[in-house]
Structures are given as C-alpha cells and as structure tokens.
Amino acid sequence: MTSSAGKDPEPAASGLLSAPDIAAILSGTHEDPFAVLGVHPAGKVILARCFIPDAETVAVETLTGKELGSLERRHDAGFFEGPVSLKKPQPVRYRARNQGGEWVVVDPYSFGPVLGPMDDYYIREGSHLRLFDKMGAHAIEHDGAHGYHFAVWAPNARRVSVVGQFNDWDGRRHVMRLRADTGIWEIFIPGVEGGLAYKYEILDRNGTLLPLKADPFARRSELRPNTASVTTPEIAQVWDDEAHRKHWASADARRQPISIYEVHAGSWQRRDNGDMLSWDELADRLIPYCVDMGFTHIEFLPISEFPFDPSWGYQTTGLYAPTARFGEPEGFARFVNGCHKVGLGVILDWVPAHFPTDEHGLRWFDGTALYEHEDPRQGFHPDWNTAIYNFGRQEVLSFLVNNALYWAEKFHVDGLRVDAVASMLYLDYSRKHGEWVPNEYGGNENLEAVRFLQTMNTQIYGLHGGILTIAEESTSWPKVSHPVHAGGLGFGFKWNMGFMHDTLQYLSREPVHRKFHHNDLTFGLLYAFSENFVLPLSHDEVVHGKGSLIAKMAGDDWQKFANLRAYYAFMWGYPGKKLLFMGQEFAQWREWSEDRALDWNLLEYHLHEGMRRLVRDLNGTYRAKPALHARDCEGEGFEWLLADDRDNSIFAWLRKAPGEKLVAVITNFTPVYRESYAIPLPVKGRWKEILNSDAEIYGGSGKGNGGAVFAEKNSTGAIMANITLPPLATLMLEQE
C-alpha cells in the first residue's frame with residue numbers, strides 16, 4: 001500500500017508518526033531521530049520505522065533473517081512504518097525492493113549507543129587516555145552486527161550526520177545521536193567496510209549547513225587534493241621490536257649515543273618518474289642507508305595528513321592519519337618495525353601548536369570556535385595564518401595528549417619532536433603591544449599551554465617507557481627538559497638553537513676575522529648543561545633563501561669543504577646529542593626543496609663522497625666511544641683544555657665518562673698549517689689519533705700526526721703534547 005505523508009487519519013492514536021515528524025526526518029532536521037527511527041514500543045505493539053530512499057516496499061527481518069512483517073510506505077520519499085512481530089525492541093534489518101531489484105539494509109537506529117557512562121565521565125574530566133579507540137571511525141561488532149562506529153565532538157551543532165560513499169553522501173540517512181553530557185555525537189552504521197570515504201555534515205546552532213568536515217580522529221585520509229577521511233580497520237602489524245623497545249625502556253637516554261638523521265620523506269629520494277616513494281620503498285632504501293651511516297634515529301618532518309605540500313607537513317589537518325602520500329597506515333607501521341629490527345629509532349615532528357584554516361579542517365568545526373580561541377588575539381597566528389589550539393579547553397587538551405599517546409602506542413614511534421614550542425609558551429609571540437591578552441597574573445606566559453605540555457610529557461613518559469620528547473624551543477624559558485615535579489616542562493631534550501646560531505655565524509666569517517669572534521664558540525659552554533640538549537643542523541637552516549650548509553661556509557670551495565668537515569667533527573665532539581638534515585651529510589650545494597629529490601649524483605665527486613664518509617665515521621666514533629656520549633648532558637663530561645687562543649682560532653677540550661678512556665677534541669679554525677703546537681693533556685703517554693677531518697679519504701690535505709701523539713711533562717710540570725694541526729680541521733685523540 002502506498003500513501004503520502006499527512007493522509008493518515010489519526011497517526012497519534014495508532015502510534016504512527018505524525019506528518020511533521022516525518023517531514024523532519026525526510027529533511028534531516030529532526031531533533032532526535034533515534035527517538036523515532038528504528039524499533040520502539042507503542043502501547044502493546046512494537047513499531048519499526050525507517051527511511052530508505054528509492055525503496056518501494058520494505059519487509060522487516062531479524063539479523064538472522066527471520067521475517068517480522070512488512071511496513072507501510074507513509075511517504076513516497078522512502079519513509080516506512082508499521083508493527084512488527086517482536087516482544088521487545090532489538091536490532092533489525094530491512095529487505096527493500098523496487099523495480100531495479102532487492103537489497104538489505106541493517107537499521108542503525110535499532111542499535112543502542114556504543115559509548116558508555118564511564119566514557120562520558122572520563123571525557124568530561126579530561127582524563128580519558130583511550131580517546132583514539134573511541135572517537136573517529138572504528139570497525140566493531142555491536143549487538144550481533146559488523147560495521148563502523150563513528151563519534152565526533154561538536155557540542156554546539158544542531159545536527160551532525162555521517163556522509164560518505166556508503167550513503168550517497170546524503171546527510172538525512174545517518175543523523176547521529178547526541179550525548180548531551182559531552183557534546184559528542186555517535187552512530188553505529190552496520191555493513192560499512194574499510195576503505196570508504198566519509199565526512200561529517202554539520203548544521204550549526206542556527207541550522208546553517210557548514211562545509212563538510214573531515215574527521216578530527218580519522219586514522220586514514222584521502223590523497224590530496226581530496227580531503228575526505230577514510231574508514232580503516234585496526235593496524236594489522238606483527239611487531240618484531242621487543243629487543244629494541246626493551247633497550248630504550250631500560251636506558252637513560254641522556255647517556256646513550258643519539259645521532260638523528262632528519263628526513264623529509266617526500267624528497268629524500270624519488271622514483272625515476274618523480275613520484276614520491278611509498279613507505280615500503282623508503283624502507284628498502286632509507287633504512288640500510290641510515291644503518292650504514294651510523295645514525296641512531298630517523299626524524300621525519302610531520303607525516304600526519306596535510307593538504308599543502310610546501311607546508312612540509314607543519315600545517316596538518318589530520319593529526320591521527322599518516323599522510324596518504326606514502327600509502328596506507330600499515331605501510332608506516334611496517335617501516336617503523338623494519339627500523340626497530342636493525343636498532344634504528346623513529347622520531348616524528350609533531351605540531352600541537354597550531355592548525356591550518358582549510359574549511360574541511362578543525363577551524364569553526366561546529367560553527368563555533370571549538371578547537372581554537374574565538375578571540376583572534378589568542379586564536380590566530382599572524383606569522384603562519386593558522387589557528388592556535390585552545391589549550392585551556394579540556395577537550396582540546398585531551399585531543400592533543402591522546403594524539404601523542406596514539407603514535408607511541410599504535411605505531412611504536414620512539415619519540416616526538418614538538419614544533420614551535422616558543423610560540424605556544426608566550427602569549428605575545430610575534431605580537432605587538434595591544435595585540436595579545438595577558439594571563440591572569442598580567443604576564444605573557446601562556447599558562448594553559450604550559451599545563452598542556454606538562455600533562456602531555458607526564459602521560460607519555462608514564463605510559464611509554466623509552467619514549468623521547470624533544471622541544472624546539474628557541475628562547476631562554478627555564479627548565480624545558482627538567483621533570484614536571486621539579487617545575488619543568490617535562491621534555492626529555494631541547495634543541496640547542498644557540499649552538500646552531502652561534503657556530504654558523506662564526507663559520508660564515510673569513511678565518512682572518514674569527515679571532516674577534518672567539519666567544520661565539522666558547523659562550524655556549526656557559527649554558528651547555530642547563531638543559532638536555534640536541535645540537536640541531538636542521539631543515540630550517542637550508543631553506544627560505546638561507547642556502548645549504550656548505551654554501552654558508554667562508555672561503556673558496558676547498559676552504560668551504562674544509563670548514564664544514566671541521567665543523568661537523570667539532571659538533572660531534574661537542575656535548576649534546578646530534579641532528580643533521582638530509583643532504584647535508586654529503587654537502588649538497590643546492591638549497592633544499594620539497595618538490596625534488598636530493599642531489600645524489602654529487603656522491604660521484606670525491607669532496608662530496610668524502611664528506612659522507614666523514615659523517616659516517618663521526619657517527620661510528622661517537623657511538624663507539626662512551627667519553628663522547630655518556631655525559632653529553634652533564635658538566636662532568638667536559639673540560640676545557642684550551643679556550644683562550646683567539647689569535648689562532650684554536651679550541652681544545654676533553655670529553656670523559658666514568659671508567660672510560662679520555663678523548664681530546666682539538667679544532668683549528670684557520671687555514672694555517674701548524675706544527676709542534678703545544679696542547680695540554682691530562683695524562684702522560686701515547687694518545688691515538690682516532691679521527692682527523694683533514695684526512696685524504698674525506699677530501700682533506702692529508703696532514704696529521706702519523707696516527708698518534710705523545711704527552712710528556714715539561715719543565716714547569718705541565719703535561720703537554722706537541723701536535724700537528726692541519727688547516728681548517730678537527731682532531732680527536734684518545735688516551736691509550
């Protein structure tokens with residue numbers, strides 16, 4: 001029987017839905033479709049109601065196929081209703097037919113909620129540490145049916161629907177249930193499979209339709225320029241990394257050798273046709289390369305989904321989704337597993353400071369400033385034209401903390417390097433007077449961001465032994481890498497931006513002028529142990545017109561290479577962990593660009609191949625000699641031997657660790673070759689030359705000490721060694 005809405009004589013008396021309710025369902029504006037659609041008691045009978053566009057007849061069945069009755073079509077658009085042979089409500093399915101055939105629809109509105117009161121409690125409290133298993137889209141079995149559960153936070157929306165390939169992007173079909181206590185909308189949709197695109201269709205509080213939104217918790221996204229989220233099952237990865245994780249969980253990272261190779265995954269190498277490599281292809285090439293080079297960790301520029309290639313990933317719209325540029329999420333899991341099997345760690349650049357304003361992203365998510373501050377003085381970043389997270393909002397803090405935990409748990413990443421920490425800590429960062437809002441005490445410190453960073457570090461270190469968190473923090477904010485209980489931010493390490501700035505400034509000067517800037521290289525030791533430092537020669541130094549590291553060096557080509565070799569050996573002998581951006585290990589001349597591969601052809605030339613050999617040997621020496629790494633973050637591991645020979649631009653110091661052989665590091669930052677230069681050493685006897693950056697194999701002149709020097713007491717009682725100092729070179733000597 002066919003009828004049109006409004007023609008039923010007494011719908012209320014029979015328990016049937018009224019014409020206005022039907023109209024609201026068909027328009028997608030009903031305040032609570034779960035209250036009317038699905039299976040509900042109506043007096044002594046059980047009624048089933050469904051909206052199935054294009055259906056002409058609908059029969060009701062149990063999930064196992066038992067017939068329960070046929071429904072009346074109450075509206076030609078596809079609204080059906082009628083009594084069914086059930087004693088109490090339960091999940092059902094509909095067998096729909098039209099002239100084109102027959103199909104089965106399992107009724108999402110006949111299922112109860114998936115989230116429970118304890119989820120609500122912990123979410124409201126801000127202490128839920130498993131949000132990544134609850135929010136977003138997850139394949140589950142619920143009340144006897146398989147499908148996907150969707151959950152999204154949009155507390156100020158009038159209506160939220162899931163739209164996607166499984167419902168013709170029709171926002172009327174899967175309007176979600178609002179959990180009023182938390183502002184979270186959820187729905188279980190039976191029959192949805194993995195690999196399907198979806199978004200959220202949201203009506204704001206005024207009923208205005210917003211641009212379709214990607215899922216903030218999506219674990220997979222479409223490849224740009226498409227922007228939809230993608231349903232994906234749990235990662236099916238058999239992990240073979242117990243030994244690797246056990247080592248780092250039991251080790252004090254401050255006393256381990258850490259040498260990081262910073263990589264932009266899209267441009268390290270490319271296929272012959274210019275396409276980006278997949279994770280599996282990167283694993284085949286990058287992992288063996290890093291093992292051969294002696295690096296301990298690979299650090300990737302952000303790999304969370306992002307729309308714009310020239311942002312390098314620092315403007316992410318999908319914090320939980322590994323970018324589709326390199327394949328499916330399982331590919332990244334395989335890559336990490338492959339690294340761990342050979343002892344390589346994986347660190348991710350992580351961006352909790354800000355997010356882009358693309359309309360499918362977090363900006364004005366439900367028609368209000370939800371993830372960001374509404375006041376642009378707090379919620380908009382003038383440097384990057386991005387939105388700033390509202391760290392004072394409990395739900396936002398949980399979203400970000402859970403993301404840090406997600407990468408550690410699901411992908412076994414070894415660390416997070418947190419980008420732009422300084423922009424988070426200061427309310428007046430890049431703002432003029434009157435353009436920022438002081439904190440409650442009238443200061444410029446962002447106390448809410450401090451609380452977020454402390455919470456994030458406390459949770460991730462508490463739940464994941466062996467993790468590293470590293471702050472890119474460019475100011476003198478105190479105790480960045482000190483424990484939270486001691487008043488610190490709780491990071492494991494901090495980038496030493498002062499070292500990078502001072503040393504590059506010094507080496508850009510002609511050697512004849514360096515004696516006037518001797519303090520550029522000695523000043524850093526005044527604060528070298530105030531934090532647990534990483535020495536960064538990062539991508540930031542080789543972009544935006546800054547040129548490559550080799551191009552920054554003073555002098556002619558020979559001097560540039562010699563300067564850079566001496567600098568690298570100086571840095572590897574200096575206290576602190578090491579980080580080097582890709583391409584700089586073989587002295588690429590061109591400034592880095594994200595849209596092309598590195599200039600690997602340069603390795604055909606002796607000077608470039610020599611630089612690569614030097615970096616490999618520096619890593620090997622640094623890792624093999626505890627004196628060079630075991631006290632990287634403690635003053636007891638460093639002692640000046642010669643800090644005041646500014647006229648000759650010579651520096652010498654001792655690296656040491658309890659019970660280990662001493663290593664002396666001597667650098668000559670002039671092109672003058674010096675014989676019989678007197679260096680004080682703490683112990684008499686033979687000192688082996690374990691590294692010489694001027695060796696011919698590295699492209700140098702081959703000057704040196706024949707493999708060893710001898711320290712003896714002189715007439716004053718001082719222990720001295722007369723050594724040969726090659727031009728623009730660094731030597732490392734080990735006590736025998």
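Me: How many salt bridges does a search of the whole structure find?

Reply: The search finds 48. A salt bridge here is a side-chain nitrogen of Lys or Arg within 4 Å of a carboxyl oxygen of Asp or Glu. The model is predicted: local features need pLDDT of at least 70, side-chain atom pairs count only at pLDDT 80 or more, and totals for chains, interfaces and linings use all residues. Residues are numbered from 1 along each chain as its sequence is written, and side-chain values use heavy atoms, leaving out hydrogens and water.

Me: What makes Arg 325 and Glu 305 a salt bridge?

Reply: Their side chains meet at 3.0 Å, N to O. The limit is 4 Å, so the pair qualifies. This pair links distant parts of the chain, 20 residues apart. Arg 325 is in the loop between β18 (318-322) and α7 (329-341), while Glu 305 is in strand β17 (residues 304-305). Helices (H or I, at least four residues) and strands (E, at least two) are DSSP runs, numbered from the N terminus.

Me: Why does Arg 325 count as buried?

Reply: Buried means under 20% relative accessible area (exposed is over 50%, partly exposed in between; 1.4 Å probe, protein chains only). Arg 325 has 9% relative accessibility, so it counts as buried. Its partner Glu 305, at 5%, is buried as well.

Me: Which parts of the chain does the salt bridge of Arg 417 and Glu 472 link?

Reply: The two side chains meet at 3.5 Å, N to O. Arg 417 sits in strand β23 (residues 415-418) and Glu 472 in the loop between β24 (468-471) and β25 (493-495), 55 residues apart. Arg 417 has 0% relative accessibility, so it is buried. Glu 472 has 13% and is therefore buried too.

Me: Where do Glu 609 and Arg 612 lie?

Reply: Both are in helix α16 (residues 606-624), three residues apart, about one turn of the helix. Their side chains form a salt bridge at 2.8 Å, N to O. Both residues are buried. Elsewhere, salt bridges that share partners join Arg 130, Asp 133, Arg 219, Glu 234, Glu 409 and Lys 410 into one network.

Me: Why does Arg 177 have no salt bridge?

Reply: The nearest side chain of opposite charge, Glu 186, is 4.2 Å away. The limit is 4 Å, so the pair does not count. Arg 177 is buried all the same, and its place is in strand β11 (residues 177-179). A polar atom of the Arg 177 side chain lies 3.2 Å from the backbone oxygen of Phe 111.

Me: How do you know that α15 is largely enclosed?

Reply: Of its 17 residues, 15 are buried, so the rest of the structure largely encloses it. Its length agrees with expectation too: at 1.5 Å a residue, the helix (residues 557-573) should span 24 Å, and its end C-alpha atoms are 24 Å apart. The expected span is 1.5 Å times one less than the number of residues. Asp 556 caps the N-terminal end, with a side-chain oxygen 3.3 Å from the backbone nitrogen of Trp 558.

Me: Which residues touch the most other members of the largest nonpolar core?

Reply: Phe 150, Phe 300 and Phe 335 do, in a core of 178 residues. Its largest share, 10 residues, comes from helix α9 (residues 394-410). Apart from it lies another core of 20 residues, including Ala 652 and Val 709. Such a core is a set of buried Ala, Val, Leu, Ile, Met, Phe, Trp, Tyr and Cys residues joined through side-chain atoms within 4.5 Å.

Note on methods:
Lys, Arg positive; Asp, Glu negative; His and termini not counted. Polar contact = N/O pair within 3.5 Å; in protein donor to acceptor, adjacent residues only side chain to side chain.
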